[in-house]
Structures are given as structure tokens and as C-alpha cells.
Amino acid sequence: MVVAKELAVPEMERCATILAALVKRKDASWFLEPVPADTEGYALVVSSPMDYGTIQAKITAGTYADAAAFAADVRLVASNAVAYSPEANDDCNAAARANLLAFEKAFSKSGLATDGGTALAAAEAASKAAAK
């Protein structure tokens, strides 16, 4: 449930708070900086690289038009990781799914989600399916 106090905070400040929490996660190390350009096969699998450092720079620069654009980049980080490391038992894949779930929960709780919980439900399902 979103409280009025949270909604009083500008949406990009709420996005920055969410990103700060993601960056502090123990499993976020995979996503803090761009994947090195010489990583074998990465460019063949991932056409639009994204990482938390780039997202932070975009927040700081005021590049995002809205919270939805921020969310798209956070989701891109996870989808890129899963695409490059598709095995569910891969550490990077597991970290991507866990980070995405944490993001979707925080994004929804902060009152920024506009999809009625669809993205959160999908992240929860992906997390549960991979845990089997």
C-alpha cells in the first residue's frame, strides 16, 4: 500500500532511492558497471547493454522523462543478464531474477507502477519457476 507521504516525494527521487537499494544488494555486483566490451559473445546476444552505473548517471543527468523510462532500463539490466546467461542455475541469472523481483516490489510499493501489478507478478513467477 502506498502512503501519501511516499507520493509526496518526486518520482525520480523515488527512482533514485530504489536504485540505491538495488546497488546495495550483495548480488548486485554483476550489474554495477557495463559488461566489458571483450566479453565473449555478449554483443551477439545483447543489443542494448545497460547497467546500474549507467542508470545512476542518467538519473543524475536528468535524462529520464519519467519513472517508466527508468523502469525500462532496470528491467533491461535483468533481461540482458538472463539472455546472456539463460541457465536458471547460473549465478548471474539467479541474481538478475532476484534483483528484478526486488525492483518490482519496491517500484510497486513506491506508487510508481502503472501496470496494476503485472510486472511484479511476472517477476514473482519467474523467480518461483527458476527455483524449482
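Biologist: In this predicted model, which residues does Phe-107 touch, leaving aside those up to four places away in sequence?

Modeller: Phe-107 touches Ile-18, Ala-67, Phe-70, Ala-71, Arg-75, Leu-112 and Ala-113. These count as contacts because heavy atoms lie within 4.5 Å.

Biologist: What makes Phe-107 part of a nonpolar core?

Modeller: A nonpolar core joins buried residues of certain kinds, Phe among them, through side-chain atoms within 4.5 Å. The largest such core has 24 residues, and Phe-107 is listed with Phe-31, Tyr-52, Ile-55, Phe-70 and Phe-103 as having the most contacts inside it. H2, H4, H5 and H6 each supply at least two residues of this core, and the largest share, 7 residues, comes from H5.

Biologist: How do you know that the span of helix H5 agrees with expectation?

Modeller: Helix H5 runs over residues 67-84 and has 18 residues. The expected span is 1.5 Å times one less than the number of residues, which gives 26 Å for H5. From first C-alpha to last, H5 reaches 26 Å, close to that expectation.

Biologist: Which residues of H5 are called buried, and what covers them?

Modeller: The buried residues are Ala-67, Phe-70, Ala-71, Asp-73, Val-74, Val-77, Ala-78, Asn-80 and Ala-81. The term applies because each has under 20% relative accessible area. Their cover includes helices H2 (11-24), H3 (42-45), H4 (52-61) and H6 (91-109). As a general rule, an α-helix has 3.6 residues a turn, so residues three or four places apart point the same way.

Biologist: What makes the approach of Asp-66 to Ala-68 a polar contact at the start of H5?

Modeller: A side-chain oxygen of Asp-66 reaches to within 3.2 Å of the backbone nitrogen of Ala-68. The cut-off for such an N or O pair is 3.5 Å, so this pair qualifies.

Biologist: Why is Ser-110 called buried?

Modeller: Ser-110 has a relative accessible area of 10%, and buried means under 20%, so the term fits. This residue lies in the loop between H6 and H7, and its side chain reaches the backbone oxygen of Phe-107 at 2.9 Å.

Biologist: Why is Gly-111 called partly exposed?

Modeller: Gly-111, in the loop between H6 and H7, has a relative accessible area of 31%. Partly exposed covers values between the 20% limit for buried and the 50% limit for exposed, so Gly-111 belongs there. Gly-111 and Glu-11 are 100 residues apart in sequence, yet 8.8 Å apart in space, C-alpha to C-alpha.

Biologist: How do you know that Ala-125 is partly exposed?

Modeller: Ala-125, found in helix H7 (residues 118-131), has 44% relative accessibility. That value is not over 50%, as exposed would require, nor under 20%, so Ala-125 counts as partly exposed.

Terms used:
Residues numbered from 1 in each chain as written. Predicted model: local features only at pLDDT ≥ 70, side-chain atom pairs only at ≥ 80, totals over all residues. Heavy atoms only, no water. Helix = DSSP H or I, 4+ residues; strand = E, 2+ residues; numbered from the N terminus. Buried < 20%, exposed > 50% of the residue type's maximum accessible area, 1.4 Å probe, protein only. Polar contact = N/O pair within 3.5 Å; in protein donor to acceptor, adjacent residues only side chain to side chain.
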